[in-house]
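Work through the exercises below with the model open in a viewer. Try each task before reading its solution.

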Amino acid sequence: MIFRKSIKKRIILSLCLLSFFIVIGVLLYCLYLAILIDTRFSGRRWSIPSKVYSDSTLLFPGQQLNRPLLINKLRRLEYRNIAHAPQSSGEMQILGSSMEVYLHDLEMPAKKQKGFPVKIAFRSQEIESIIRKDNGETLPLLELEPEKIMLFFGPERQQRQLVSIDRVPQYLIHAVLAAEDSRFFEHHGFDFRSILRAIYINIRHGTIRQGGSTLTQQLAKSYFLTRERTFTRKIKELLMALTMDIKYKKKEIFEIYLNEIYLGQKGSVSINGVGEAAFFYFGKPVENLSLAEAATIAGLVKSPGLYSPYVSETKCREQRNKVLHDMEKLGHITQKQMDGAATDPVKTVGFTAYGKKAPYFVDYVSKQLPALYSPKFLSSQGLSIYTTVDTQVQEAAENALERGLARLEKTYPSLRRSNSERKLQGAIIVMQPKTGYILAMVGGRDYSTTQFNRATQARRQPGSAIKPFVYVTGLDQFTPATVLSNEQKTYEVNGESWKPHGKSSDSGKGIRMRDALARSDNLATVDLAMKIGLDKIVDTVKAFQFSTPVKPQPSLALGAYEVIPLELARAYCTFASDGVEPYPLSLKTLVDENGNVLEQRHMTIQNIISPAKAYVMSDMLRSVVTEGTAKSAKNMGITFPVAGKTGTTNDYRDAWFVGYTPDLLVLVWVGFDNGESVSAEGAVAALPIWVDLVRAIPQYVSTDWFTMPPGVVKAKVCSQSGQLAIESRCPESIEEVFLAENVPALYCQIPEHQSHSREVLKTWWKKLWKR
């Protein structure tokens, strides 16, 4: 008997000790969980992807524009076309000669502005007026918000907009509580009553119809744990919920839950939090949700894949109405409110699955950012990165390249390739020459097929597109009127003979420097290069900051060495910006999630040539378009002044056109990656693409031309000798531009013109004698 009592005491003691150690263990584990939770909650709670934006868009009366491109931009900015006058932010109505738009709020580093309704009236392709609809004010300028073109995601690929619980409408708070945890503010992290009720309902129906997890348990599972269904994970979830409930206020837990919860899928990107869901489904801030919309979002929590309005509108409506019924049952809304909301249709704004816009440009930007911030920082800190790209120009460039390459393949069937990786390719760069802003960049025909950026990574021979840098070097010794030799010659270079090949205008008769550039005369260009000196041309090329190796060889004058297209575009900008070469800018401003400017990029410039030389070169390059290799541009609809140069390499491996005005520079390259022939010159393959693009962006086109700077003078010269003309001696005189220090000193000395002058004098004297 005594022995049995002893055993019982030992068992009881052991059980007590075991219970004690279990309790201590649980308490210690809860302490560990408290530290873990506190570490996560006190630091950065979520990784917010950094957003990359385009530049903003300015509209003003008198501006020429492409209306279809503007409408496409508004759609990308998530403006919804409706059949009546816009009543709320994000709505627009497109009419015959006008459009009405209710603007989104504008939030930029230097400007914040609440949205308001405007009416934009058009006269053909020109903005006639911009009027505020709310107060009738006529606006001289309207700024559209930047367009989101990329997100820097972390491995989770989650998209969310953080909201304070104070911004969340009571409708949504009550809807979530009714749908997921009606006793949230009464229990302590877990709810035995809900668990027992869920067990009863599930047994009665023979299937899992209801869960017993509280909001706090759901938060613990979503925020800290995996989705595995094990008993151990469930215990962790319960203890975490209990710890959270003890350590944090209910309001704070609920706010974290509202920002964390998974509410849908946008392609490969998950939609998390009610703030992001409000925009994803209804295109509005969370505080503007209606009762029906709030109930819809709350109904998604249980299973976004099943109840999403983008998956099944019927199931979504049924689930929404169930939430509304539960809200009425709990006393959050009246019967009348429930009935009214239940009859509302489920109206979503629609969405496009996430994808990069301007992908080659975005890649170019992405390669510059790691020099400033780590990939982890970019994918978690919610930066706003503002760039220089104009998405209307970008769309026009992508369209022009695709149409142009398709046209070439139709005209020359031999260019067609069945293998998508071997297809005819192209690249386009659009810049503002004075600022260096990159407005558009297309690095290939199809980004999904190849991500190789031909605009920034390719090294291609420029052919005649390099000639302006030979001619600008020659301006120190020669003038646009200088007559160059276009005879076929053999040159001795470094003890070796070299003979240029290629086209020449009126071979052997001589040609003025201006005409040689306009007609892309190879023999005359080589003659000029040899007279200048190849070392001087190499120095010029290096001064224009080409990074590719260049050697003092005669073939350099004909573009027989490789360049990177972006560097060629940058170099041409010098002629359009008074001799100053800008740095190609893609980044403008970086702002943190609190609106503080972290980085601001300003244009970096370098003076390469004088404004006078830049003007003379632009005047000479204008002749390329008016009477030279690019004169077909006029027949394609180019009526405004343009300077430019075509380029074609041996066997037609590369076709180029670089053209510019005072405000815009566009480079187009066409070719095969493997160097096969494109069967056409730059004027046939590249120039039509350039024309198509520039005609599509009239807002950047101007009839203005460069102002003649000090140091440039005009004089009349003989069209044949290039020397100063005397009206009585030369049968044809033309006006030419010169550097002030390089005006010809001699009058025309051609003997034939001497005879002509005598005949002119005889005729003049006869007429005078008759009088």
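The exercises go from the whole chain to a sheet, a helix pair and single residues.

This is a predicted model, where local features need pLDDT of at least 70, side-chain atom pairs count only at pLDDT 80 or more, and totals for chains, interfaces and linings use all residues. Residues are numbered from 1 along each chain as its sequence is written, and side-chain values use heavy atoms, with hydrogens and water left out.

**Exercise 1. The whole chain**

Task: State how many helices and strands the protein chain has, then describe its burial, surface and contacts.

Solution.
- Start with the elements. The protein chain has 24 helices and 30 strands. Both are DSSP runs numbered from the N terminus: helices are H or I with at least four residues, strands are E with at least two.
- Next, burial. Of the 771 residues, 53% count as buried. Buried means under 20% relative accessible area, exposed over 50%, and partly exposed in between, with a 1.4 Å probe and protein chains only.
- Then the surface. The accessible surface is about 36400 Å², and carbon and sulfur atoms hold 53% of that. The areas come from the Shrake-Rupley method with a 1.4 Å probe; for residues, only the protein chains shown count as cover.
- Last, contacts, meaning heavy atoms within 4.5 Å. Take those with a separation of 6 or more: residues 24 or more positions apart account for 68% of them.

**Exercise 2. A sheet of three strands**

Task: Give the strand order of the sheet that holds β12, β13 and β14, and work out each pairing.

Solution.
- Order first. The sheet is open, runs β12-β14-β13, and has mixed pairing. Its edge strands are β12 (158–159) and β13 (262–266), each of which pairs on one side only. Two strands pair if DSSP finds at least two bridges between them.
- Recall the general rule. Strands of a sheet pair through backbone hydrogen bonds, either parallel or antiparallel.
- Take the parallel pair. Two bridges join β12 to β14 (residues 269–272) in the parallel sense. Gln159 has Ile271 of β14 as its bridge partner.
- Now the antiparallel pair. β13 and β14 are joined by four bridges. Gly264 stands opposite Ile271.
- Check the turn. β13 and β14 form a hairpin with two residues between them, and Gly267 in that turn has a positive phi of about 65°.
- Add the helix. α8 (residues 274–282) lies across β12, β13 and β14, at about 45° to β13. Axes are lines fitted to C-alpha atoms, for helices over the stretch in contact, and angles run from 0 to 180 degrees between N-to-C directions.

**Exercise 3. Two crossing helices**

Task: Describe how α15 meets α23, from the axes to the side chains.

Solution.
- Geometry. The axes of α15 (residues 391–411) and α23 (residues 687–695) come within 8 Å and cross at roughly 145°.
- Residues. On the α15 side, the contact includes Val393, Ala396, Leu401 and Arg407. On the α23 side, Pro688, Ile689, Asp692 and Leu693 take part.
- Character. The residues of this contact divide into nine nonpolar, one polar and three charged. Here Ala, Val, Leu, Ile, Met, Phe, Trp, Tyr, Cys and Pro count as nonpolar, Asp, Glu, Lys and Arg as charged, and the others, Gly among them, as polar.

**Exercise 4. Two helix residues**

Task: Decide whether Ala295 and Arg514 are buried or exposed, and list their contacts beyond four places in sequence.

Solution.
- Ala295 sits in α9 (residues 291–300). Its relative accessibility is 0%, so Ala295 counts as buried. It is in contact with Ala175, Arg320, Val323 and Leu324. His325 is 30 residues away in sequence and 9.9 Å away in space, C-alpha to C-alpha.
- Arg514 is in α17 (residues 513–518). At 8% relative accessibility, Arg514 also counts as buried. Its contacts are Pro480, Asp619, Met620, Ser623, Glu736 and Val737.

**Exercise 5. Three loop residues**

Task: Place Ala358, Ser520 and Pro709, and say why each is classed as it is.

Solution.
- Ala358 lies between α12 (335–342) and α13 (359–368). Its phi is near 50°, a positive value in a residue other than glycine. Ala358 is buried because its relative accessible area is 5%.
- Ser520 lies in the loop between α17 and α18 (522–532). Its phi is near 55°, again positive. Ser520 is buried, at 2%.
- Pro709 lies in the loop between α23 and β29 (712–718). With a relative accessible area of 13%, Pro709 is buried. Pro709 touches Pro611, Ala612 and Tyr615, not counting residues up to four places away.
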